[in-house]
Structures are given as structure tokens and as C-alpha cells.
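User: Could you take a close look at one part of this model for me, the aromatic pairs and the sheet beside them in your account? I'd like the cut-offs as well, please.

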Amino acid sequence: MLCTKYQDDLRWVIYQIYPRSFMDSNGDGIGDLQGIIQKLDYLKDLGINAIWLCPCYKSPNDDNGYDISDYRDIMDEFGTMADMEALIDALHARGMKLIMDLVPNHTSTSHRWFQESRKGKDNPYSDFYYWFDEKPNDWKSVFRGSAWEYDPVRGQYYLHSFAVSQADLNWDNPAVVKAMKEIVDFWIEKGVDGFRVDVIDMISKDLGAGKNSFGPRLHEFIHELFGRENGKKLFTVGECWVKDIDEMVRHCAAERGELSTLFQFDHIEKCGRYDKFTPKPDTLKTLRDHLLHWQRETEKYDLLHSLFTDNHDQPPMISRIANDREKRYESATCMAAMVYLLKGVPFIYQGQEIGRAAAHYDSIDCFNDIETINTYREFCETMPAEEALKRINFGSRDNARHPMEWDDSENGGFSTGKPWIALHTRYQEINVKNDLAADRSVYRFYRALLQLRRENDVFLDGDLQVLSSPDDPYMIFTRSLKGEKWAVICNFENEQPIALPFSCEKPALSNLNREGTDGLYAPYECAVAKVIARDCQ
């Protein structure tokens, strides 16, 4: 049983929205806040009770909103502060919550703080960023090239861990900590219910030791930001590339007063790829093994776990380790049961609920992402352009950023104008309208799964027991609570006979309408059934 701190958190079902690509209400080809409001009933019907909104602050958009020029204003393309307030009210009226994306590691170089800082060492904002006469180390940007850029106005180098236009904030300056706390409080007063915190592990650095993340004051800073009394219980989830359970405990243990949970990226890094742009043959078995490892680790320390496979930075998992063509429906639904009926908080990325797969483009001109374009140029220096494009198609962040496919009309129902980025190459096949009309609907399966989870506390806080072995080409686990037990069976890519060591009722959830739990399972078939009371011991 989890610490009582997490009882409410386990009921969150969070849907991540990439605002630029979700729904356009005014025909300019760019998604916006009013477009999101139009689709809230669609999300409510699915079973969502919270949305995580990727950055919608004022920004020049060099990195699609993660380069913020004003934390207290809204991006012009997305609407106004009045639209944001309307969205918050519309969510709360439906019993839904809002998680904002907080970006504390860096700002846009267009931000007023940076513009003041570059004026010189006597400016009050001088030490808001890292400035050096010479490069203090050889750090590289995540987006390729040096992480140090010479600024001719100040005559010094500044640090940018990402794009040149994203200058890293100097959290060792107490004024920066104070400013970020005030931003958090500003949004709490607006009614925001929580924060997803971008690259939280990078806000403390050790330049001498050559570490641009997990610096010596990291936990002090996180506690300063979220561990204080502010009159409201916040849900906070950190983007943090934690590799071991001890570090996860330091971030998320209830008594620490830091974060509610973290995104654990072990499975994201290792399933279906050797590196971000290089695929490797893989199956759901690899995903199963990583998921179960972290289930066991977090359970030992009563930590709240995040359950996810996709986000705005990753190509769809279904295209990496399953069959996104002939068995797309089966793959999408089987993976949903396998992930979201484990213990933790579900995070669903827009399009997952209709089985969105990866797209494929024949030209680099179809891509927008700064990391993608820089990587493509670098690849072309060492390999043929065709091979470079193949790798880009596999690993680009734009894989997750195409306009949401609402129907098969000219612009996919996303906008009456030309979309800001290319439509998904399979949008006429994979879209909400088609899925809802299909005999086998991914959306309806997700809705039934989330309803099952919502109506049965065993899937929230029940004990987990794994019945399948590491060598089995399937996954079987049970969730048990107060004398009630449920079984979850997820077959992998080959037809397989499966028998359980107990009797079950007719499956309450099955992607292929099974009548019983035992027997021959088709590729990617799954079933969820309640164990008959006499066999619950």
C-alpha cells in the first residue's frame, strides 16, 4: 500500500497536449487554447481528468515554446491570458485539472532577463546566466555543437545546453530562485493544479567537475520551488534522466518535499533503438522487462510511479516494438493494457488513444524541429542523404508533433488553414472519425480500460504479482486488494497458448472479445478478468 500522500494522485489520468498541434480554432494553421476548449468533452468522455499542457508562454518559438520570453504571458498564436483563464475554468467545471509545463533551466535570449544581463557586469540581472571570458569546459549542446556561445554585446560566452537562443539560468544566484518561485506562485493563483518540470536535473551544475546536471544543489533548489506551503497541494512530475532508484528516492520520497513523481526513461531509451536515431529489432518483451524492473524498485520505497510510453519528444512506441500496420489495433490496445493497469499514474499522449503510428517523409523540408534539422546536417557529412533521412524519419521529435488527426478531410479536421507542419502521412487512415466508426476502436478500448481502472480501486493501489517468467513471450500479472484479485494477460507478437493457475470470470476487457482467459491467444491479444473469489488466496 502506498503512503497516504499518494492516494489522490493515483486517481489522476493525464493527457498530454501539444497545443500547436492539437486543435486550431481560428484557421491560422496553429493549434490554440480555444481549440483545446472545444475538445474537452472528447477528453472527458475518454476518461481523462487532467491535461498536461506543453509550454504556451510567450516565445519566439526557436524550440516550439521551450524557449520562453515571458513566463507570465501567453504565446500570441495560442491566444490570450483570458483564453488561458477560460481554459482553466472550463477544465474545473468538468472536474478536470491542469498541469502546466514549467521550464526552469533556461529562457529565450529574447527574455528581458537575458537582454538586461548581456548589458554588462553592473546590471542587476548580470548573474542570471552563466558568463565567462573563455569557455570553461568543452560541454556540448543537446542540439549539437558547442554549449558555449560568444555574445558580442557583453563580450563573453554564455551557456546554452540546448539551442543557441536558450540561455541557461544560473540557479546559484538567489535572485533566480526567487524569480522562479514567484512564477510558480503566479500560476497557482491562476488556478493551475500542478507542473511538469522540464529537465529539472539540469538546474544545478558543477562546471568544475564537468557536470551539467545533478549538481550539488539540485535537491535544495527543487525543495525551494515545491517544498513550501503555498495553500494548495500540487502534483509535480519531473523530466529527469534518473538511472538508479536511490536518486529517484531523493527526488520523490514523500518526506523529501520535492516532486510527486518522475518520468523514468529507461524503457524510452532502450526499447526498439540503439540510440535516438538508430532502430534495433525489439518486441514488447523488452518493454515488459523494463516496466517490471521499475515497478519493483518504486514499490520497495513507496514511490509514485509514472506510466507512459509516448510524449512530445519521442516517436510512437507502437512503431518501434510492435506491428503498426496489419496489427495496429491489437498492438495499441495490448500495449495500453500492459502499461496502464500497472501501479502508477497514466500519462497518455495525444493520438495514442487512436493508435497513432510513426509517419514517413521523403524530404527534410517536411520537418520543423531544430534538433532534427541540426542532426540531419551532421549526418549528411558522414553518410548519404537517403540514409540520413531514414534515420531522421525514425528518431525525429516531429514524429510526435504532427497535427492531431480528427478526420480524413483536407487538413485532417485540425484546421481550415494550412497546418504549421506537415500532416501525418497516414492521417486519412488513422484519425478519430475512422477509429470511432471502426468495429475495433482503439479509442473505445482506452475508454473501457480507463473506466475499469476508475471503478476498481484494485488497479489503483492493489498489490502487483507477476505470474509470467522472463522467458515467456507474454506477460501475465495480477492486482490484488482486500480479497479481490484481477488478472491481466498480454500476448506478444506470436500466436500462443496460455493457461492461468486459477479460474476467472468472463473478461471484463478484451481487445478481441474473448469469452474466457485460457486458450490460444492471437498476436497482441489481451484480456483482463476478475479472479473467481474461491481462487483469490
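Analyst: Happy to; here is the sheet, followed by the aromatic rings. This is a predicted model, in which local features need pLDDT of at least 70, side-chain atom pairs count only at pLDDT 80 or more, and totals for chains, interfaces and linings use all residues. Residues are numbered from 1 along each chain as its sequence is written, and side-chain values use heavy atoms, with hydrogens and water left out.

Eight strands form an open sheet with parallel pairing, in the order β13-β12-β11-β5-β2-β1-β17-β16. Strands are DSSP runs of E with at least two residues, helices are runs of H or I with at least four, and both are numbered from the N terminus; two strands pair if DSSP finds at least two bridges between them. β13 (261–263) and β16 (306–307) are the edges, each with a single partner strand, so one side of each has no neighbour in the sheet. β12 (residues 235–239) runs parallel to β13 and is joined to it by three bridges, with G238 opposite L262.

Now the rings. Rings of Phe, Tyr and Trp (its six-membered ring) pair if their centres lie within 6.5 Å; planes under 30 degrees apart count as stacked, over 60 as edge-to-face and the rest as tilted. This rule gives 33 aromatic pairs. W241 and F265 are stacked because their ring centres are 4.1 Å apart and their planes at 15°. W241 lies in the loop between β12 and α7 (245–252), and F265 in the loop between β13 and α8 (266–270), so the pair ties together parts 24 residues apart in sequence. Both rings belong to a cluster linked by ring pairs, including W12, F235 and F263.
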